[in-house]
Amino acid sequence: MTKITAGSEVEAYCTKCKLVLAHTVVALQGAKPRRVRCNTCSGEHNYRPNKPAGKLAPTKKPEKAKSATRKTRQSWDEVMQEASSKAHKPYSMSGSFIEGDWIEHATFGLGCVQAFIPPNKISVRFADSTKTLICNQNR
Ligand SMILES: [Zn+2]
């Protein structure tokens with residue numbers, strides 16, 4: 001470990017640049033720098049090793065978006081599991097369905113009706129796709 005003396009370069013928080021930058025030690029207090037001069041702006045100020053705590057909140061990592069994506073995926077799997085134990089209508093073109101209905105399609109499997117599109121279509125979300133299907137064909 002190098003001993004810090006007047007003239008040594010240290011990393012310190014610059015009160016003018018508002019960044020942790022290289023500073024030259026001007027005065028010491030024991031073995032620690034007391035006053036330093038910023039190598040960037042030449043401003044002389046008391047030594048601060050880090051950004052002052054308080055007003056500035058720590059930078060948040062973008063974890064939120066990540067977990068949200070995972071949640072959506074999980075919830076769909078959960079919803080599917082839940083729905084398979086619930087009542088659902090077999091899909092047919094003559095059937096009538098409303099938003100929120102669960103239907104069982106011969107080809108696509110279990111799906112949730114996202115929207116009824118008048119007069120005779122429904123938008124249905126299946127495990128890996130959303131399809132528009134015909135309904136209300138019994139007249
Ligand atoms: Zn500076």
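This is a short talk that walks through one predicted protein model, from its overall layout to a few individual residues.

Hello everyone, and thanks for coming. Two remarks on ground rules before we look at the picture. Residues are counted from 1 along each chain, following the sequence as it is written. Since the model is predicted, local features are reported at pLDDT of at least 70 and side-chain atom pairs count only at pLDDT 80 or more, while totals for chains, interfaces and linings use all residues.

Let's start with the layout. The chain has one helix and nine strands. Both kinds of element are DSSP runs numbered from the N terminus: helices are H or I with at least four residues, and strands are E with at least two. Walking along the sequence, you meet β-β-β-β-α-β-β-β-β-β.

How much of the chain is buried? Of its 139 residues, 12% count as buried. Here is the yardstick: a residue is buried if 20 or more other C-beta atoms lie within 10 Å of its own, exposed if 12 or fewer, and partly exposed in between, with C-beta atoms placed from the backbone. Contacts use a similar idea: two residues are in contact if their C-beta atoms, placed from the backbone, lie within 7 Å. Among contacts between residues at least 6 apart in sequence, 24% join residues at least 24 apart.

Now to the sheet. Five strands form an open sheet with mixed pairing, in the order S5-S6-S7-S8-S9. Its edges are strand S5 (89–90) and strand S9 (130–134), each of which pairs on one side only. By pairing I mean that DSSP finds at least two bridges between two strands. As a reminder, strands of a sheet pair through backbone hydrogen bonds, either parallel or antiparallel.

Let's cross this sheet hairpin by hairpin. Strand S6 (residues 102–105) and strand S7 (residues 109–117) are antiparallel, with four bridges between them. They form a hairpin with three residues in between. If you want to find the register on screen, look for Ile 103 opposite Gly 111 in S7, and for Glu 104, whose bridge partner in S7 is Leu 110.

Next comes strand S8 (residues 121–126), which runs antiparallel to S7 and is joined to it by six bridges. Ile 117 stands opposite Lys 121 in S8. S7 and S8 also make a hairpin with three residues between them, and there is something to stop for here. Which peptide bond is cis? The one joining Pro 118 and Pro 119, with omega about 0°. Pro 119 lies in the loop between S7 and S8.

The last step takes us from S8 to S9, again antiparallel, this time with five bridges. A hairpin of three residues connects S8 to S9, and Ile 122 has Leu 133 as its bridge partner in S9.

What fills the nonpolar core? The largest one has eight residues: Tyr 91, Trp 102, Ile 103, Val 113, Ile 122, Val 124, Leu 133 and Cys 135. S6 and S8 are the elements that give two or more residues to this core. A nonpolar core here is a set of buried Ala, Val, Leu, Ile, Met, Phe, Trp, Tyr and Cys residues joined through C-beta atoms within 7 Å. There is also a second, separate core of six residues, among them Tyr 13, Cys 14, Val 36 and Cys 38. Going back to Trp 102, and setting aside residues up to four places away in sequence, it touches Ala 83, Lys 86, His 88, Leu 110 and Cys 112.

Let me move to the earlier part of the chain and His 45, which sits in strand S4. Is His 45 buried or partly exposed? It counts as partly exposed because 17 other C-beta atoms lie within 10 Å. Beyond its neighbours within four places in sequence, His 45 is in contact with Thr 15 and Val 36. His 45 and Tyr 13 are 32 residues apart along the chain, and their C-alpha atoms are separated by 9.6 Å.

Finally, two residues that are not glycine but have a positive phi. Ser 42 has phi near 65°, and is found in the loop between strand S3 (32–38) and strand S4 (44–46). Ser 42 counts as exposed because it has 9 C-beta neighbours inside 10 Å. Asn 136 has a phi of about 55° and lies in the segment after S9. With 16 other C-beta atoms within 10 Å, Asn 136 is partly exposed.

That's the tour, and thank you for listening.
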